[in-house]
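Trainee: I am new to this structure and would be grateful for a close look at a single part of it. Could you guide me through one loop and then relate it to its wider setting?

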Amino acid sequence: MKSTANRQSYGVKGAPYAHPSPTTTLKRARSAPYFFLVPATLLFALFFALPIGYALWLSFRKVRVSGLGLGSGARSEIWAGAENYTDALSDSELLHGTLRVLGYGCIVVPVMLGLALLFALMLDSEKVRFAPVTRLAIFLPYAIPGVVAALLWGFLYLPDVSPFYFVLDKLGMPQPDLLDGGPLFLALSNIAVWGGTGFNMIVIYTALQAIPAEVYEAAKLDGATPVQIALRIKIPMVAPSLVLTFFFSIIATLQVFNEPTTLKPLTNSVSTTWSPLMKVHRDAFGEGDIHGAAAQAVIIAFATLLLSFGFLRAANRRQKQEAAR
């Protein structure tokens with residue numbers, strides 16, 4: 001009988017097969033996660049990092065026109081430095097668009113998050129009926145694309161085709177023009193609130209479902225009413241979810257584009273520079289100033305990052321102060 005130490009593995013063709021050493025096996029095990037990260041890294045580089053880098057490169061360049069701009073060498077791309085950025089920061093149209101978006105956000109964010117929190121608390125109540133159907137009905141508008149939602153509401157705002165204006169006319173009631181002046185902010189905000197409340201409600205409702213039932217039982221034993229439980233237990237415990245939804249809402253507000261662009265053919269009150277992103281789109285594809293538009297896009301992205309980072313840092317600092325108490 002051969003000893004176990006003398007045994008040797010053979011391959012398919014009878015050749016001796018050498019087993020990998022423990023060191024080689026350990027190296028393979030350590031390098032395996034990096035192979036799994038390769039597809040995600042490539043996608044991130046191609047569709048996120050590369051476009052950002054290309055936009056940065058374009059923002060520091062401009063087109064120089066020689067003579068009448070005719071001929072093969074009349075137009076050349078040269079280094080512009082910070083010229084595109086100074087032009088963007090001194091552009092009054094970009095500033096006015098930013099102010100309009102801030103006013104739009106002051107309406108959208110509080111109303112949308114307030115309704116999302118209210119609906120989440122109602123669905124989390126013990127007395128609620130048909131909770132799955134109600135939850136689906138509230139979330140359903142979020143599944144509708146933003147352009148389609150803006151078109152639907154745009155026809156409802158248009159006096160000539162809106163059934164609401166027909167009813168108001170039959171009742172002899174005033175018919176406000178929601179696509180002109182100050183009401184335009186309310187009309188645009190309504191579209192965003194209608195479409196975004198369901199998503200934020202799901203996030204908050206999921207956080208409410210994660211609260212242990214023992215917490216509610218202890219509060220009921222202490223004599224707390226449902227309203228007191230909601231105000232003193234549920235809302236403080238879902239504060240991280242509220243911070244998250246507020247963070248997402250700020251980003252979505254600063255990047256508003258679909259709603260005003262879709263409503264623009266229906267009214268003269270929405271200009272091509274109503275929001276910062278609309279101005280970037282007009283300059284890049286309407287006027288052909290791709291380099292100036294790239295600088296504006298970088299400024300908007302940096303402002304969004306700075307505002308979001310500042311808000312998250314302030315929220316984390318407040319949470320640490322409350323935890324220290």
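Mentor: Let us begin with a term: two residues are in contact when heavy atoms of theirs lie within 4.5 Å. Please also keep in mind that this is a predicted model.

The part I propose is Asp-289, which sits in the loop between α12 (276–286) and α13 (290–324). Its relative accessibility is 34%, so Asp-289 counts as partly exposed, since that class lies between the limits of 20% and 50%. When neighbours within four places in sequence are set aside, Asp-289 is in contact with Asp-283 and Ala-284. A polar atom of the Asp-289 side chain also lies 3.1 Å from the backbone nitrogen of Gly-292. A part of the chain remote in sequence comes into view as well: Val-63 is 226 residues away along the chain, yet the C-alpha atoms of Val-63 and Asp-289 are separated by 8.8 Å.

One of these partners, Asp-283, deserves attention in its own right. Asp-283 belongs to helix α12. With a relative accessible area of 3%, Asp-283 is buried, because the limit for that class is under 20%. Its side chain makes a polar contact of 2.9 Å with the side chain of Arg-282. Residues up to four places away in sequence not being counted, Asp-283 touches Gly-288, Asp-289, Ile-290, Ala-293 and Gln-296.

From here we may turn to the stretch that precedes α12. Trp-274 lies in the loop between α11 and α12, and its ring is paired with that of Phe-185 in helix α7, 89 residues apart, so that the pair links distant parts of the chain. The pair is tilted, with 5.6 Å from centre to centre and 45° between the planes. Trp-274 is buried, with a relative accessible area of 3%, whereas Phe-185 is partly exposed at 24%. In total, the model holds twelve aromatic pairs. Ring pairs also join Phe-139, Tyr-142, Phe-199, Phe-247 and Phe-248 into a cluster. A charged group meets a ring elsewhere: Lys-234 lies over the face of Tyr-216, at 5.3 Å from the ring centre.

Helix α11 (residues 258–263) contains Thr-262. At 13% relative accessibility, Thr-262 counts as buried. The side chain of Thr-262 reaches the backbone oxygen of Asn-258 at 2.6 Å. Apart from residues up to four places away in sequence, Thr-262 touches Val-147, Ala-150 and Leu-151.

Finally, consider helix α4 (residues 131–143). Its 13 residues should span 18 Å at 1.5 Å a residue, and its end C-alpha atoms are 19 Å apart, which agrees. Helix α4 bends by about 25° at Ala-137, and the proline Pro-141 follows within four residues. The buried residues of α4 are Ala-131, Ile-138 and Pro-141. These buried residues pack against α3 (92–123) and α7 (183–209). Helix α7 thus appears twice in this account, since Phe-185 of the tilted ring pair is in α7 too.

To return to the starting point, Asp-289 is a partly exposed loop residue in contact with Asp-283, and Asp-283 is itself buried.

Technical notes
Residues numbered from 1 in each chain as written. Predicted model: local features only at pLDDT ≥ 70, side-chain atom pairs only at ≥ 80, totals over all residues. Heavy atoms only, no water. Helix = DSSP H or I, 4+ residues; strand = E, 2+ residues; numbered from the N terminus. Buried < 20%, exposed > 50% of the residue type's maximum accessible area, 1.4 Å probe, protein only. Polar contact = N/O pair within 3.5 Å; in protein donor to acceptor, adjacent residues only side chain to side chain. Expected span 1.5 Å × (residues − 1). Bend = angle between axes of the 7 residues up to and from the residue. Phe/Tyr/Trp six-rings, centres within 6.5 Å; stacked < 30°, edge-to-face > 60°. Lys NZ or Arg CZ within 6 Å of the ring centre and 35° of its normal.
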